[in-house]
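Reader: Hi! I have a structure open here and would love some company while I look through it. Could you walk me through a few parts?

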Amino acid sequence: MIILRDYQKKIIEGVRESFQKGNKRVILQSEVGAGKTFISCEIMRLAIEKRQRVLFIAPRRQLIYQTVEALEQFDIQCGVIMAGVTPFSMPLVQVASFDTITSRVSNGRMALPQADLVIADEAHMMFSKARIDILKAYPRVLGLTATPTLANGNGMGELYDDIVEGMPMGEMISKNHLVPMRYFIGEAPDLSDAKLNKDGDYTEKSLMDANDKPALIGSIYENWERIAGDRCTLIFAVNCKHAVHLHNEFLSHGVVSEYIDGMTEQQDRESIKNNVMSGKTQVVINIGVMVAGVSWDRFDCIVMARQTRSVSQWRQCLGRGSRNYPGKKETLVIYHGDNFEELGRLDDPIEWSLDSKESVKERIKKAKEEGKEPKEITCGECGTIFRSRRDCPACSHEMISKGEPIPYHEAELVEVKAFKPKPVEKAQFYAEMLGYCHDKGKKTSYALAIFKQKFDSWPNKKHGVQAVKPSKETLSYIKSCNIAYARSRSAA
């Protein structure tokens with residue numbers, strides 16, 4: 001039997017109170033990784049104690065499998081309504097595919113299943129007219145989502161009456177329920193002429209034309225190898241063709257990687273998951289199928305090899321790396337786009353609303369203009385970027401003396417990059433560069449040139465430094481410099 005955490009029990013109580021106030025359709029907002037599946041299972045358990053029928057509807061097959069597995073842990077028997085599965089109508093809980101219900105009801109093969117409560121998983125994906133019509137046919141609806149906003153950023157007030165919000169991401173991280181994230185900006189394509197779809201995001205063709213280029217695909221690997229080459233990584237690509245090219249690039253460098261798309265069979269998906277969780281597979285490249293219903297906790301690096309203007313999609317993708325896992329202290333995010341400031345960090349507070357006329361991005365912008373967003377502070381010792389405290393969370397260096405106000409105003413985010421190294425780390429890099437030069441028969445000037453390129457400064461001590469064997473990270477950086485130089489020569 002699963003024991004819920006206090007914040008999970010609290011949000012269930014909030015949902016109960018909302019229904020008791022007379023709301024018929026309620027959104028349960030809880031961050032990616034906060035355990036919405038277990039929360040919904042407990043709600044279903046409480047419902048069947050009262051002999052109420054519950055219909056749990058999800059938009060994707062893997063969400064169906066995930067929910068059925070979770071219900072088993074709660075000792076709850078259920079039927080499944082999905083193509084290829086034999087119906088079992090006796091249990092009070094039915095777990096259904098939205099597409100299956102829509103199809104079978106429209107062609108007269110079945111009537112709408114009876115239910116006192118409908119739970120709609122990934123509720124932000126449930127706003128086609130056909131799906132809304134089905135949900136409106138039931139007396140009570142509970143929508144589950146981490147991002148209660150439509151694809152265009154507007155609220156979901158057309159269907160829902162209330163939002164019950166869970167513990168914010170920042171608090172989840174501070175209480176060690178989820179892991180913190182560090183952000184890096186990689187090489188980005190020029191999207192100044194890119195076309196937008198009806199929801200205001202980039203069209204697939206625009207992204208494909210800009211991203212599917214050998215030089216950019218190569219830089220995605222090089223950045224990953226330099227920053228996160230030892231991490232279990234999930235990569236989001238533009239489409240199948242782009243994903244295959246990225247997959248081949250990683251394979252060519254000897255990285256054990258797998259590729260998943262919408263056509264990947266469930267048994268193959270499970271095999272890939274087992275390979276990831278066992279450590280056999282290091283990198284998984286997908287298009288968008290891993291953006292929902294994925295609890296592969298081992299991922300500690302997310303690479304966004306595609307760009308987006310959607311705050312919802314951004315937070316859903318990054319959330320795949322937010323869960324705790326033994327030995328996992330943080331997750332790295334590498335974004336190959338130039339609008340990071342617009343999208344924000346995962347732990348940035350979001351003012352969710354049912355308002356269908358104002359987008360979430362407009363509310364974020366308004367909050368910044370009103371001075372509600374704290375200023376970014378960069379530690380002078382280690383380069384960590386942080387907010388709302390006097391001392392650096394990484395090295396404890398005090399940036400603001402006691403008595404001075406902590407700044408709370410918008411600051412322009414120019415770049416998000418790796419932590420600024422300490423002097424001892426710079427000295428170690430130079431010693432390793434000397435070791436490399438000794439092994440390869442290169443002059444000391446080469447070590448100085450690479451050091452200057454990396455740190456935009458010269459070593460504090462150039463002479464009398466003992467050469468040491470270069471680390472894997474240093475060798476990877478040298479390799480990326482050599483590749484970049486060779487490309488620049490061929491381009492000339």
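Reader: Let's start with helix α4: which of its residues are buried?

Author: Happy to help. Keep in mind that this is a predicted model. In α4, which spans residues 98-106, the buried ones are Phe98, Thr100, Ile101 and Arg104. They lie on the same side of α4, because their arc around the axis is only 160°.

Reader: And what do the buried residues of α4 pack against?

Author: Their partners are three strands, β2 (54-58), β3 (78-81) and β4 (93-97), plus helix α5 (129-136).

Reader: Nice. What does Ser97 do at the start of α4?

Author: A side-chain oxygen of Ser97 comes to within 3.3 Å of the backbone nitrogen of Asp99. After α4 comes Gly108, with a positive phi near 80°.

Reader: Switching topic: what's the strand order in the open sheet of six strands?

Author: The order is β8-β13-β12-β9-β11-β10, and the pairing is parallel. The edge strands are β8 (181-185) and β10 (257-260); each has a single partner strand, so one side of each lacks a neighbour in the sheet. From one strand to the next, the twist averages 15°.

Reader: How many bridges join β12 to β13?

Author: Four, between residues 301-304 of β12 and residues 331-335 of β13. Ile302 sits opposite Val333 of β13.

Reader: Which strands does helix α11 touch?

Author: Helix α11 (residues 311-318) packs on the sheet and touches β8, β9, β12 and β13. Its direction makes about 145° with that of β12.

Methods. Residues numbered from 1 in each chain as written. Predicted model: local features only at pLDDT ≥ 70, side-chain atom pairs only at ≥ 80, totals over all residues. Heavy atoms only, no water. Pairing = 2+ DSSP bridges. Helix = DSSP H or I, 4+ residues; strand = E, 2+ residues; numbered from the N terminus. Axes fitted to C-alpha atoms, helices over the stretch in contact; angles between N-to-C directions. Contact = heavy atoms within 4.5 Å. Buried < 20%, exposed > 50% of the residue type's maximum accessible area, 1.4 Å probe, protein only. Arc of directions from axis to C-beta. Polar contact = N/O pair within 3.5 Å; in protein donor to acceptor, adjacent residues only side chain to side chain.
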